[in-house]
Amino acid sequence: ADSPLRAEADFSKELGVTPPLGFWDPLGFSKFENTELAKLQFKRRRIVEIQHGRVAMLACIGYIVPEYVRFPGYCSPSMNLAFTDIPNGL
């Protein structure tokens, strides 16, 4: 049985928790028996989310910048292929 001394980690006061949802964890990733482990996992997931967001922002910049900036010169001088001759996009 659950002990009244064992409390779940409370993430409702964390940065980013907003009404009307409050702390939203529909898949229960933050539920652990050990409160310290729950806090460590929450911190780890928050750090990983920030890292993935930064990578996504760099990817967007890498896709947008070639529309406005091109390297001077040739990609393949033997084929007379300049960087400006290569189209953007996928």
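**Close-up views of a predicted model**

**View 1. A nonpolar patch on the surface of the predicted model.** Leu58, Ile61, Tyr63, Ile64, Val65, Tyr68 and Val69 together make a nonpolar surface patch of about 780 Å². One of these residues, Leu58, belongs to helix H1, which spans residues 35-64. Leu58 has a relative accessibility of 60% and therefore counts as exposed, the cut-off for that class being over 50%.

**View 2. The largest pocket and the residues that line it.** The volume of the largest pocket comes to about 380 Å³, and 20 residues contribute to its lining. Those that lie nearest the centre of the pocket are Phe23, Trp24, Asp25, Phe42 and Glu49. Sorted by class, the lining comprises 11 nonpolar residues, together with five polar and four charged ones. Trp24, one of the residues nearest the pocket centre, is placed in the segment before H1 and is exposed, its relative accessible area being 59%.

**View 3. The salt bridge between Arg46 and Glu14.** Side chains of opposite charge can pair when their charged atoms come close. The structure holds one salt bridge, and in the pair formed by Arg46 and Glu14 the closest N and O atoms are 3.4 Å apart. Arg46 is located in helix H1 whereas Glu14 is located in the segment before H1, so the pair ties together parts of the chain that are 32 residues apart in sequence. Both partners fall into the partly exposed class, for Arg46 has a relative accessible area of 28% and Glu14 has one of 31%, and that class covers the range between the limits of 20% and 50%.

**View 4. Trp24 and Asn88, a pair separated along the chain and in space.** Trp24, which was seen above at the largest pocket, is 64 residues away from Asn88 along the chain, and the C-alpha atoms of the two residues are separated by 39 Å.

**View 5. Pro66 in the loop that follows helix H1.** Pro66 is placed in the loop between H1 and strand E1, the strand covering residues 74-76. With a relative accessible area of 28%, Pro66 is partly exposed. From Pro66 to Pro26 the distance is 39 Å, taken C-alpha to C-alpha, and the two prolines are 40 residues apart in sequence.

Terms used: Residues numbered from 1 in each chain as written. Predicted model: local features only at pLDDT ≥ 70, side-chain atom pairs only at ≥ 80, totals over all residues. Heavy atoms only, no water. Patch = residues over 30% accessible without salt bridge, like charges linked within 9 Å, V, L, I, M, F, W, Y side chains within 5 Å. Areas by Shrake-Rupley, 256 points an atom, 1.4 Å probe, with all protein chains shown as cover. Salt bridge = Lys/Arg side-chain N within 4 Å of Asp/Glu carboxyl O. Helix = DSSP H or I, 4+ residues; strand = E, 2+ residues; numbered from the N terminus. Buried < 20%, exposed > 50% of the residue type's maximum accessible area, 1.4 Å probe, protein only. 1 Å grid on protein atoms, 1.4 Å probe; cavity = no way out; pocket = protein on both sides within 12 Å on 5 of 7 lines; lining within 4 Å. Points joined across faces, edges and corners; volume = space filled by probe spheres on them. Nonpolar A, V, L, I, M, F, W, Y, C, P; charged D, E, K, R; others polar.
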